[in-house]
Amino acid sequence: MRQLLHVTPADEELVFVHYEYELTTGDRHRNVEAITVPDGLIQEVQVFFGGKV
């Protein structure tokens, strides 16, 4: 399972995505990704790993 919690544009090319996911063990975690999207094409994704929920 993966659930989007927030999608927040930072500027014209940068979006932050906050999501929660569940592992096969049942543990749930949250991460944030900073996605750079110039001209509508994904150029870079940085993942900031969160902790257990």
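**Salt bridges, rings and strands**

Student: Starting with D27, what's its relative accessible area?

Tutor: This is a predicted model, and in it D27 has a relative accessible area of 28%, so we call D27 partly exposed.

Student: Which residue does D27 form a salt bridge with?

Tutor: That would be K52. The closest N and O atoms of the two are 3.7 Å apart. D27 is in the loop between strand 2 and strand 3, while K52 is in strand 4 (residues 44-52), so this pair ties together parts that are 25 residues apart in sequence.

Student: And K52, what's its relative accessible area?

Tutor: It's 58%, so K52 counts as exposed.

Student: OK. How many salt bridges does the structure hold?

Tutor: Four. Three of the residues involved, E20, R28 and R30, are linked in a network of salt bridges.

Student: Let's go through that network. How far apart are the closest N and O atoms of E20 and R30?

Tutor: They're 2.8 Å apart. E20 belongs to strand 2 (residues 14-22) and R30 to strand 3 (residues 28-36), so their salt bridge ties together parts that are ten residues apart in sequence.

Student: And what's the N to O distance for E20 and R28?

Tutor: For that salt bridge between the two side chains, it's 3.4 Å.

Student: Is E20 buried or exposed, then?

Tutor: E20 counts as buried, because its relative accessibility is 5%. The cut-off for buried is under 20%. As for the arginines, R28 has 36% relative accessibility and so counts as partly exposed. R30 gets the same label, partly exposed, because its value is 35%.

Student: Switching topic! How many aromatic pairs turn up in a search of the whole structure?

Tutor: Just one aromatic pair. The rings belong to Y19 and Y21, with their centres 6.1 Å apart and their planes at 40°, so this pair is tilted.

Student: Why do you give both a distance and an angle?

Tutor: Because a pair of aromatic rings is described by the distance of the centres and the angle of the planes.

Student: Are Y19 and Y21 buried or exposed?

Tutor: Both Y19 and Y21 are buried.

Student: Which residue lies over the face of Y19?

Tutor: R2 does, at 4.1 Å from the ring centre.

Student: Now the strands. In what order do the four strands form the sheet?

Tutor: The order is 1-2-3-4, in an open sheet with antiparallel pairing. Strand 1 (2-9) and strand 4 stand at the edges, and each has a single partner strand, so one side of each is left without a neighbour in the sheet. From one strand to the next, the twist averages 20°.

Student: What do strands of a sheet pair through?

Tutor: Backbone hydrogen bonds, and the pairing can be either parallel or antiparallel.

Student: How many bridges join strand 1 to strand 2?

Tutor: Seven, and the two strands run antiparallel. To pick out one residue, P9 has V15 in strand 2 as its bridge partner.

Student: Last thing: what's the phi of D39?

Tutor: D39 has a positive phi, about 55°, although D39 is not a glycine.

Student: Where in the chain is D39?

Tutor: D39 is in the loop between strand 3 and strand 4. With a relative accessible area of 78%, D39 counts as exposed.

Technical notes. Residues numbered from 1 in each chain as written. Predicted model: local features only at pLDDT ≥ 70, side-chain atom pairs only at ≥ 80, totals over all residues. Heavy atoms only, no water. Buried < 20%, exposed > 50% of the residue type's maximum accessible area, 1.4 Å probe, protein only. Phe/Tyr/Trp six-rings, centres within 6.5 Å; stacked < 30°, edge-to-face > 60°. Lys NZ or Arg CZ within 6 Å of the ring centre and 35° of its normal. Pairing = 2+ DSSP bridges. Axes fitted to C-alpha atoms, helices over the stretch in contact; angles between N-to-C directions.
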